[in-house]
Amino acid sequence: MNFVLHGHAVSGGITVGYAHLVATARLEVAHYEIAPEAVDAEIARFDGAMQTAQDGLQALKAHIAPDAPKEFEAFLDLHRMILNDSALAVVPREMIRSRRANAEWALVQQMERLVERFDEIDDPYLRERKADVQHAVERVLKALMGGQKIVEPAVSEEQKLIVVAHDLSPADMILFKRHRFGGFVTDVGGVTSHTAIVARSLAIPAIVGLHHAFQTISEGEMLIVDGERGLLVVNPDSLVLAEYRERQAELKAERQRLKRLKKTPATTQDGTPIELFANIELPQDMPEVLEAGADGVGLFRSEFMFLNRKDLPGEEEQLEAYRQVAEAIKGRPVILRTLDIGADKAMNGGDGGNTMPNPAMGLRAIRFCLAEPQMFLTQLRAILRASHYGTVRILLPMLAHAHEIDQTLTLINQAKAQLEERDQPYDRAIQIGGMIEIPAAALALPIFMRRLQFLSIGTNDLIQYTLAIDRTDDAVAHLYDPLHPAVLTLVANTIQTATRGGMPVAVCGEMAGDLQLTRLLLGLGLRNFSMHPSQLLAIKERILSTNLTEVQAAAQRVLRNTDPAKTRDLLARLNS
Ligand code: PEP
Ligand code: MG
């Protein structure tokens, strides 16, 4: 049966491929007692589900297309091995008998025990295999809870796997950087959640907020991810498929065409130079940054190094990562944001996770760092040491209070003194800037301008906190509006006040990479944009065709307007 699911487009482009179901969320199953005379039947039900899952994997393996990615077969083999192991094949049977527990519950209990043990493993590769245990168990659960439909993947010239999940955390997402997936689709999630941001940085089509994808799609089903419109087509017919193939070819040609702009300076038609920086999560992202011809790294989200591990990266490990980036960009600036852990980016087993009552408003980012001064000092020393190898700047996230800046500056001085003592070199003129991402900060800019050397507007959080909508919650994703007059006023005032005061100001939130907003931001006076490398050349092309005098007047009209429909109309005219 073919059908279409609607969600929120997160990352553009189109992928045609095959569903690969991934379960990472904690599995919720019912727990009930089995009557003594029904225990044998329950064990038989468990064995039957195990067999169905094994048969399903076997059937999938038998039908892998010759050109399918190698990872596909490896996944299937690994999952078969996991299910064959006595830890899953035998122990839950014993639990059903001894505790008279239902099969689903026994299986999940045992899975959780195994998964806990994985958390204790030092080797990062083996630690990551915990997700495979969860996925393999998910297959058995599916069989227990209603039977599993096996669909044979059809053969196509371009076999790609599309990850289908109920939910993915930013930590899960970062692991996917190592695999070649063709797309991501999830049931929940907001378009500026960090999960979505990482998907965008992978430059592959992604959709969030599909609600029923994980339940309704079976492993191996053919999918089209339309990352432009947020549509997921399941089992497309040949006509639809042909249409999408055509669009795919057009997009590919478009990307090729944009590559020619790599070395062209980003200058408006009236000759104003615009700086285009790139956002990264890990040093491994640097090839794309160089490929896009970015003027520097405008936001290095250093916290991604801290995810998917129980320990903290030490000073030497951090130095190595920061230095790698500073050297790769060859003298151009690297704006290194200090640890923004907390909210949706939780460290394994550490504080700053989702255990707080309201993590987005809790001990996140600078608040967490100031509560853990030794950990913060380690990072500050690593950043300072990396500044010796390039043009490194420090960016402080989630600032709201003067004392947060003052305390941080004291710690930076302390870190500098420690390096002096060790006789280790660093850039003595290192610049320190702050993120404007809490409305209070945007409204009280003098606090920042008196203490810091540059500003960067984090529109993702600025919108979240201004409009009081959780950026990770798809139930309120429709309320996430960069064009809301309150948001535009805060952004415009920050740009204007900083510029008048001679302080460099950039936008590094997702607004900077949104083609629909480029001219508006230029008109509001923005001259420095930082975005995912995949968006950079399209934004540059828009800048090249923009006349500043024209857009300045139009941007003021958008800013003054309070009728949402008219705002969209004015924006459409600005972009025409
Ligand atoms: C932002 O909030 O806009 C930002 C750039 O930081 P992050 O998305 O990592 O919170
Ligand atoms: Mg932020």
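Me: How many bridges join β4 to β5, and do these strands run parallel or antiparallel?
Reply: Four bridges join β4 to β5, and the two strands run parallel. Keep in mind as we go that this is a predicted model. One residue pair helps you find the register: V164 has V185 in β5 as its bridge partner.

Me: And on the other side, how many bridges join β3 to β4?
Reply: There are five bridges from β3 to β4, again with the strands running parallel. Here you can start from A19, whose bridge partner in β4 is I162.

Me: How should I read the two faces of a strand such as β4?
Reply: The general idea is that side chains in a regular strand alternate between the two faces of the sheet. Now look at β4, where L161, V163 and A165 lie on one side and I162 and V164 on the other. These residues are all buried, so both faces of β4 are covered. Five of the five residues of β4 (residues 161-165) are buried, which means that the strand is largely enclosed by the rest of the structure.

Me: Where does β4 sit in the order of the whole sheet?
Reply: Follow the order β1-β8-β7-β3-β4-β5-β6-β2, and you will find β4 between β3 and β5. The eight strands make an open sheet with mixed pairing. An open sheet has edges, and in this one they are β1 (3-6) and β2 (8-11), each of which pairs on one side only. Averaged over the sheet, and with direction ignored, neighbouring strands are turned by 30° against each other.

Me: What joins β5 to β6?
Reply: Two bridges do, between β5 (residues 183-186) and β6 (residues 206-208), and these strands run parallel. V185 is the residue to look for, since it stands opposite I207 in β6. You met V185 a moment ago as the partner of V164.

Me: Which strands do helices α9 and α11 touch?
Reply: Take α9 (residues 194-201) to begin with: this helix packs on the sheet and touches β2 and β6. The direction of α9 makes about 50° with that of β2. Helix α11 (residues 238-259) packs on the sheet too, touching β3 (14-22), β7 (222-226) and β8 (231-234). For α11, the direction makes about 110° with that of β3.

Me: How do I read the packing of two helices, say α23 against α24?
Reply: Look at the angle and the distance between the axes together. Helix α23 (residues 548-560) packs against α24 (residues 564-575) at about 170°, and the axes are 9 Å apart. Because angles over 145 degrees count as roughly antiparallel, α23 is roughly antiparallel to α24. On the α23 side the contact is made by V551, A554, R557 and V558, and on the α24 side by T567, L570 and L574. Sorted by class, that gives five nonpolar residues, one polar and one charged.

Me: Is T567 of α24 buried or exposed?
Reply: T567 is buried, since its relative accessible area is 5%. Leaving aside residues up to four places away in sequence, T567 touches L483, V558 and N561.

Me: Which residues coordinate the magnesium ion?
Reply: The magnesium ion (ligand 2) is coordinated by E437 through OE and by D461 through OD, at 2.0 to 2.1 Å. E437 lies in the loop between β13 (432-436) and α17 (439-443), while D461 belongs to helix α19 (residues 459-467), so the pair ties together parts 24 residues apart in sequence. Both are buried: the relative accessible area is 1% for E437 and 3% for D461. A word of care on reading the site: water is not among the atoms, so sites may look incomplete.

Me: Which residues have a positive phi although they are not glycine?
Reply: M398 is one of them, with a phi of about 60°, and D423 is another, at about 65°. M398 is in the loop between β12 (391-396) and α16 (402-422), and D423 is in the loop between α16 and β13. Their surroundings contrast: M398 is buried, at 1% relative accessibility, whereas D423 is exposed, with a relative accessible area of 69%.

Me: How far apart in space are N493 and A442?
Reply: They are 7.7 Å apart, C-alpha to C-alpha, with their positions 51 residues apart in sequence. N493 is in helix α20 (residues 485-500) and is partly exposed, with a relative accessible area of 38%.

Definitions and conventions. Residues are numbered from 1 along each chain as its sequence is written. Chains are lettered from A and ligands numbered from 1 in the order in which they are written. This is a predicted model: local features need pLDDT of at least 70, side-chain atom pairs count only at pLDDT 80 or more; totals for chains, interfaces and linings use all residues. Side-chain values use heavy atoms; hydrogens and water are left out. Axes are lines fitted to C-alpha atoms, for helices over the stretch in contact, and angles run from 0 to 180 degrees between N-to-C directions. Angles under 35 degrees count as roughly parallel, over 145 as roughly antiparallel, 65 to 115 as roughly perpendicular and the rest as oblique. Contact means heavy atoms within 4.5 Å. Ala, Val, Leu, Ile, Met, Phe, Trp, Tyr, Cys and Pro count as nonpolar, Asp, Glu, Lys and Arg as charged, and the others, Gly among them, as polar. Donors are N, O and S atoms within 2.8 Å of the metal (3.2 Å for Na, K and Ca); water is not among the atoms, so sites may look incomplete. Buried means under 20% relative accessible area, exposed over 50%, partly exposed in between (1.4 Å probe, protein chains only). Two strands pair if DSSP finds at least two bridges between them.
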